[in-house]
Amino acid sequence: MQYQKGKRFVYFISLVAILMALLFAFRASLA
Amino acid sequence: MKNKERLKRTLWVLFFLLLVFTPIGILIAGPSPSPSRSPWLDVSVGMGFIGLALMAVQFALTARIKPLKEPFGSDLIYHFHRQISIASFFLILSHPIILFLIDSRYLRFLNIFTSPLYTKLGVLAIFLLISVVVSSEYRKKLKIPYAFWKFWHGILTTLIVGATLIHIFLVGNYLSYPLERAIWIGYTAAWLSLLCYTRIIYPLKLIRNKFNIAALKEERGTSWTITLHSVRNKPLHFKPGQFAWLTIWKTPFSDTEHPFSFSSSSERPSEISFTIKDLGKFTSTIKELKNGQDVYVDGPHGAFSMDRYPDTQKLVFIAGGIGITPIMSMLRSMLDRHDRRSVKLFYNNRDWESVTFREEIAEFEKKLDLQVIYTLEKPPQKWDGESGYLTEPILKKHLPQPWIQDDTAIFLCGPQVMMDMVAKQCLNLGFHQRQIHYELFNLV
């Protein structure tokens, strides 16, 4: 179960990483 | 799990997220880029920054920092390290790929003979990163010896992070922001300190606290028990079921250690022992050890211990072959502690002659509230015990309803195939996942 939680945490971090990179790139349009 | 432990886990996770996402957070809050700059260029840069931060944190994950390992357990940390490293690999790889997609002129940087130093370092880091991921994921298929892999894994990952850090400082984009520059200088300093700790200070500590071989004993099942004494007479306190990394024949600077479970009682920390089966190149040398020989012990590590679940009233131990070692440690500790809790031990072996510790286990049956169920793949004639592999009907037969309660804990140790199978069988019997404890070490 702990291994599954760890795996889900990795997916979560990867998703947040991609969103943060997009937010950083398009910050001017969002401002 | 106690609330204190849960709190520790949460704090570590938050700290991890803070380390990984602070650099990009500062960039997001920073000034807007010039309108002529392609946003996809910044997507590429952002992916690179997050990927690098993730990769640098891996050194902390694998540095065996006790306060970090204890709430999670070493195997969970290593599994996470493996998975998150692959995620960071794809993030870093996306950095040049996006660059090539937005402008094919960036492809000229692949020519390391004509490109500037910062791209040479970037290209070098990417190629080394690919080799590290491939060699880690397919080590067995590529037949790379573990010790060789482990040594080069350390060297190559250090080169990768070093080259990437120099790459971002030389490129200089966004590091002109004082706060961003300060963060990356801080990360570089922390990373270098960590390297210094793991490669120099930690091995020196192990050398200072070295152990000697006090006894070497042959056991059933081509296994040997080595008993160790601390040269400085310093007891090594551990929880029964935990393991340590042993360096034998070489010094801790060689980075060629191997993990083994303690097989002795945790109540006797001045005389620790490990029982090791002859299964490969390294373990076949154990029988050649001599009394008085130096052994370096890095431990204890691991979360596989009955001591983590003190409220448990009934214990089910399931061992396959040499997987009995951490369970022996738990049984020996129970004996020393006069622990009268009920225990069932399922012990699977190939044949009766190779049942390691069978005489001592017979003694435990007299002194503890213990019932042992042997399963033999090749039973002798007139064998009235269980035959074949451990199956669900066998478990069901010996675990009546009063055992399938919340106050029962199951500890599994053996080959991974067996553990996967038996864990599923226990779930089918009605146990909850939180009651089943095991550690997976077959990582690379």
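These legends describe close-up views of a predicted model.

**View 1. An open sheet of 6 strands in chain B.**
The strand order is β4-β3-β6-β1-β2-β5, and the pairing is antiparallel. Two strands form the edges: β4 (258–261) and β5 (272–277) of chain B. Each of these edge strands pairs on one side only. From one strand to the next, the twist averages 40°.

**View 2. The pairing of β3 and β4 in chain B.**
Strand β3 of chain B spans residues 243–248. Its pairing with β4(B) is antiparallel and runs over 4 bridges. Look for B:Ala244: opposite it, in β4(B), stands B:Phe260. Strand β4 of chain B is an edge strand of the sheet.

**View 3. A cis peptide bond between B:Gly299 and B:Pro300.**
Omega of this bond is about 0°. Most peptide bonds are trans. B:Pro300 belongs to strand β6 of chain B, residues 294–301. In the sheet order, β6 sits between β3 and β1.

**View 4. Strand β11 of chain B, an enclosed strand.**
The strand covers residues 408–413. How many of its residues are buried? The count is 6 of 6, so strand β11 of chain B is largely enclosed by the rest of the structure. Its side chains point two ways. B:Thr408, B:Ile410 and B:Leu412 take one direction. B:Ala409, B:Phe411 and B:Cys413 take the other. Residues on both faces are buried.

**View 5. The partners of β11 in chain B.**
Strand β7 (residues 314–320) of chain B runs parallel to β11(B), joined by 6 bridges. Here B:Lys314 stands opposite B:Thr408. Strand β12 (residues 436–437) of chain B is also parallel to β11(B), with 2 bridges between them. In this pair, B:Phe411 faces B:His437 of β12(B).

**View 6. Cysteines without a disulfide.**
The count is 0 disulfides over all chains. Why does B:Cys426 form no such bond? The closest cysteine sulfur, in B:Cys413, is 14 Å from the sulfur of B:Cys426, which is too far for a bond. A disulfide needs the two sulfur atoms within 2.5 Å. B:Cys426 is buried, at 0% relative accessible area. B:Cys413, in β11(B), is buried too. B:Cys196, by contrast, is partly exposed, with 33% relative accessibility.

**View 7. A nonpolar surface patch on chain B.**
The patch measures about 620 Å². Its members are B:Leu107, B:Leu110, B:Phe127, B:Ile130, B:Val134, B:Tyr138 and B:Leu142. Where does B:Leu142 lie? This residue is in the loop between α5 (117–137) and α6 (146–171) of chain B. B:Leu142 has a relative accessible area of 47%, so it counts as partly exposed.

**View 8. Positive phi at B:Asn233.**
Most residues other than glycine have a negative phi. B:Asn233 is not a glycine, yet its phi is near 55°. B:Asn233 is found in the loop between β2 (223–230) and β3 of chain B. Is B:Asn233 buried or exposed? Its relative accessibility is 69%, so it counts as exposed.

**View 9. Positive phi at B:His338.**
B:His338 has a phi of about 55°. This value is positive, although the residue is not a glycine. The loop that holds B:His338 lies between α8 (324–337) and β8 (342–349) of chain B. B:His338 is exposed, with a relative accessibility of 68%.

Conventions: Residues are numbered from 1 along each chain as its sequence is written. Chains are lettered from A and ligands numbered from 1 in the order in which they are written. This is a predicted model: local features need pLDDT of at least 70, side-chain atom pairs count only at pLDDT 80 or more; totals for chains, interfaces and linings use all residues. Side-chain values use heavy atoms; hydrogens and water are left out. Two strands pair if DSSP finds at least two bridges between them. Axes are lines fitted to C-alpha atoms, for helices over the stretch in contact, and angles run from 0 to 180 degrees between N-to-C directions. Patches are made of residues with over 30% relative accessible area and no salt bridge: like charges are joined within 9 Å, nonpolar side chains (Val, Leu, Ile, Met, Phe, Trp, Tyr) within 5 Å. Accessible areas come from the Shrake-Rupley method with a 1.4 Å probe; for residues, only the protein chains shown count as cover. A salt bridge is a side-chain nitrogen of Lys or Arg within 4 Å of a carboxyl oxygen of Asp or Glu. Buried means under 20% relative accessible area, exposed over 50%, partly exposed in between (1.4 Å probe, protein chains only).
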